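Here's a quick walk through the strands, helices and backbone oddities of a two-chain model. Have the viewer open as you read.

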Amino acid sequence: MKDFIEGSDAVARAVALCRPGVISAYPITPQTHIVEFLASMVADGKLKSQFINVESEHSAASLVLGASAAGERVFSASSSQGLILMSEVLFNIAGMRMPVVLACVNRALSAPINIWNDQQDSMAVRDSGWIQLYAETGQECGDLIFQAYRLAESPEVRVPVMVCLDGYLLSHGLEVVDVPEAAEVDKFLPPYRPTEKLDPAVPMTFGPLAGPDYYLEIRHDLHAAMRGALKLIPSIAADFSRQFGRNSGGLVEAYRLEDAELAIVAAGSVCGTIKEAIDALRQEGVKAGLLRLVTYRPFPEEAVSAALAGVGRVAVLDKAISLGATGPIYADLATALVRGKHQARVNGYIAGLGGRDITIETIREIFTRLSGEEVSAGFVGLKG
Amino acid sequence: MPEHLLSPGHTACAGCGQALAARLVIDTAGPNTIIVNNTGCLEVFTTAYPESAWEVPFIHSLFENAGAVASGVESALRQTGRLDQIRVIAQAGDGGTADIGLQALSGMWERGHDILSICYDNEAYMNTGIQRSGLTPTYTSTTTSPAGKASAGNPRPKKNVMEIALAHGIPYVASASAGFPMDLQKKVKKALAIRGPKYLHIHVPCPLGWRHEPADTYRVARLAVETGLFPMVEFEGGQQTGAYTLSAPKPVAEYLKLQGRFRHLFKPGAEAALQEIQAIADRNIARYGLVKPA
């Protein structure tokens, strides 16, 4: 059914259709709408889940960890400081291989305190062992939730998944979104039946101490599962496309890259703006293209490298920065292109921090600068 | 069925009061119990991969989140209608309860989850090497509150977690000791028969950190109670309904002198500090009615 709704509503409706047994969250702007929508569904009896209001994000993540270990499908959502407060638990959830799905409504980090969008929060936890998917549209916000549960709960993966959506731009932006029927979702996403859980019938110990003789192998297993997800993500996206008749998710999306001489690499809602800028530039005869990262962790090196074959100049647009170094996507992309023996020149640009608008003009500026100075972390739109 | 639900062969120190109390707890609770454990000695000495001493489902996540993880386990059991058959215990040491884990614990109590939370109080961070916690008693020498020429050890009194638990209006709050096994088991049984949040604070000697002979664990635990320094009390519905009473409280020095962590209090010039500790015991005796009027 098509409806004119917020990205937050698209996420909440998708989560409800996945029927998690336990939901827990702590309020933080701009994540709040997602959990408010879910709370009202539970209050109205439309969603039969335990909705637990906790005293911090640390506890929200811990609570869904416990419920997941006890065998339930779970959901949480956060943003910014909340995600960072959770970060200790995020590493733990991944290490314990709990198939938790969490929506991160991307927001800048303090200080200075800033409630607007960038992607510093999720980028800061990129090493936690969570799969990270970035939505471009309100439609994709919901669609990625279905795919996230399929992926997280696949026996060969069993890794938590974070669905990242840009704060306000997607979470509060209204779009026409096609919300599927419950029966369709049930066909796509089987019920969650974990092979191991906390159960007195088969007592097991979760979260043991692992010394130097074991830790390395256990971490390698998690890494291997993440790398294995690179194969599963496209096949889940293809299944999704067959069943629902639209393309969402996957590793990367190539936009007008076939004959492109210049390309931008980016993730999230800014890709909509970039596509418009590219269409305009193409009209003017500039052979520009976009590589949109849907999956950022695991990093799809081969897909990225293949998609950018033949592109001479690549600009990476990061809405986050590893301060004192470069944007996180820039670093990963540069590595991938070196490993892929690319000759492309790669520049890195930082834009949109703390909610600064990225307009078509900003994108044009990046394409213009791409022909000039070599930079790895060039700030765009700095006021003099 | 194994003889014990916490099996022998774990790596606790000789004379560990926590190991003794934890086995009494789980043997009393029985096999239909899920244990959620904060980081600490207990988790370390029972779950070194690939072995586990636990014969019940056990989960350890982090240092401070047992209250929240247990809330999740309980919520999952509630969602699937299994809360009638399976009990949930959240357990931690004194640091994991009173310091770093207090927020998650408070949230769990406030939300009314059907969980028994247990504090194994050995009065310092023993797992990391005997550092001071919020439950370290006055004038205890620890590695981060050492007694020295300018210090008589930890300058602050023990935080009263029992009162904090009571402030949440939970139905059952009690204290017990590794030195009184039958009383401890009775309280575990009673707590688990009550629905809602329950708190049991168990005093457990640590031979390593308290610097007493491993063979003296039981004796030291009993003396803490018999001097009035560790009151064994029970609260139901917010009202005190029980106390382990003493016919004649022993002087605190009898308890303190067995332990190296208080050795500095028996040097010349420490008389006032010793008197202050006696005054703490006297206040406990008066406050909780530990001596029955003749």
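What follows covers a sheet, two helices, a few strands in chain A and some unusual backbone spots, all taken from a predicted model.

## The sheet that takes a strand from the other chain

Start with the open sheet of 9 strands, ordered β9(A)-β2(B)-β1(B)-β3(B)-β4(B)-β8(B)-β7(B)-β9(B)-β10(B), with mixed pairing. Its edges are β9 (205-206) of chain A and β10 (239-243) of chain B, and each of these pairs on one side only.

Zooming in on one step of that order, β1 (residues 33-37) and β2 (residues 58-60) of chain B run parallel, joined by 3 bridges. If you want a residue to click on, B:Ile35 has B:Phe58 in β2(B) as its bridge partner.

Over at the β10(B) edge, the pairing is antiparallel: 4 bridges tie β9 (residues 233-236) of chain B to β10(B). One of the partnerships here matches B:Glu236 with B:Gln239 in β10(B). The two strands make a hairpin with 2 residues between them, and B:Gly237 in that turn has a positive phi of about 60 degrees.

## Two helices in chain B

Helix α1 (residues 17-29) of chain B lies across β1, β3 (87-93), β4 (115-121) and β8 (198-203) of the chain. Relative to β4(B), the helix runs at about 160 degrees.

Then there's α5 (residues 102-111) of chain B, which is largely enclosed by the rest of the structure, because 7 of its 10 residues are buried. The buried ones are B:Leu102, B:Ala104, B:Leu105, B:Gly107, B:Met108, B:Trp109 and B:Arg111. Right after α5(B) comes B:Gly112, with a positive phi near 80 degrees.

## Chain A: a covered strand and a surface patch

In chain A, have a look at β14 (residues 313-318), which is mostly covered, with 5 of its 6 residues buried. β14(A) pairs in the parallel sense with β11 (residues 262-266) of chain A over 4 bridges, and is joined to β15 (residues 345-350) of chain A by 6 bridges, again parallel. A:Val316 is a handy landmark in β14(A): A:Val265 stands opposite it, and so does A:Gly348 in β15(A).

For something on the outside, go to A:Phe4, A:Leu174 and A:Val176, a nonpolar surface patch with about 320 Å² of accessible area together. Of these, A:Leu174 is found in β8 (residues 174-178) of chain A.

## Backbone oddities

Most residues other than glycine have a negative phi, and most peptide bonds are trans. With that in mind, here are some exceptions.

Where are the cis peptide bonds? One runs from A:Arg297 to A:Pro298, with omega near -5 degrees. A:Pro298 sits in the loop between β13 (295-297) and α10 (301-307) of chain A. Another cis bond links B:Tyr49 to B:Pro50, with omega near 10 degrees, and B:Pro50 lies in the loop between α2 (41-46) and β2 of chain B.

As for positive phi outside glycine, A:Tyr168 has a value of about 65 degrees. This tyrosine, A:Tyr168, is in the loop between β7 (161-166) and β8 of chain A. B:Ile130 also has a positive phi, near 65 degrees, and lies in the loop between β4 and β5 (147-148) of chain B.

Buried or partly exposed: which is A:Tyr168? A:Tyr168 is partly exposed, because its relative accessible area is 24% and the cut-off for buried is under 20%. B:Ile130, with 18%, counts as buried.

Technical notes
Residues numbered from 1 in each chain as written. Chains lettered and ligands numbered in written order. Predicted model: local features only at pLDDT ≥ 70, side-chain atom pairs only at ≥ 80, totals over all residues. Heavy atoms only, no water. Pairing = 2+ DSSP bridges. Contact = heavy atoms within 4.5 Å. Axes fitted to C-alpha atoms, helices over the stretch in contact; angles between N-to-C directions. Patch = residues over 30% accessible without salt bridge, like charges linked within 9 Å, V, L, I, M, F, W, Y side chains within 5 Å. Areas by Shrake-Rupley, 256 points an atom, 1.4 Å probe, with all protein chains shown as cover. Salt bridge = Lys/Arg side-chain N within 4 Å of Asp/Glu carboxyl O. Buried < 20%, exposed > 50% of the residue type's maximum accessible area, 1.4 Å probe, protein only.
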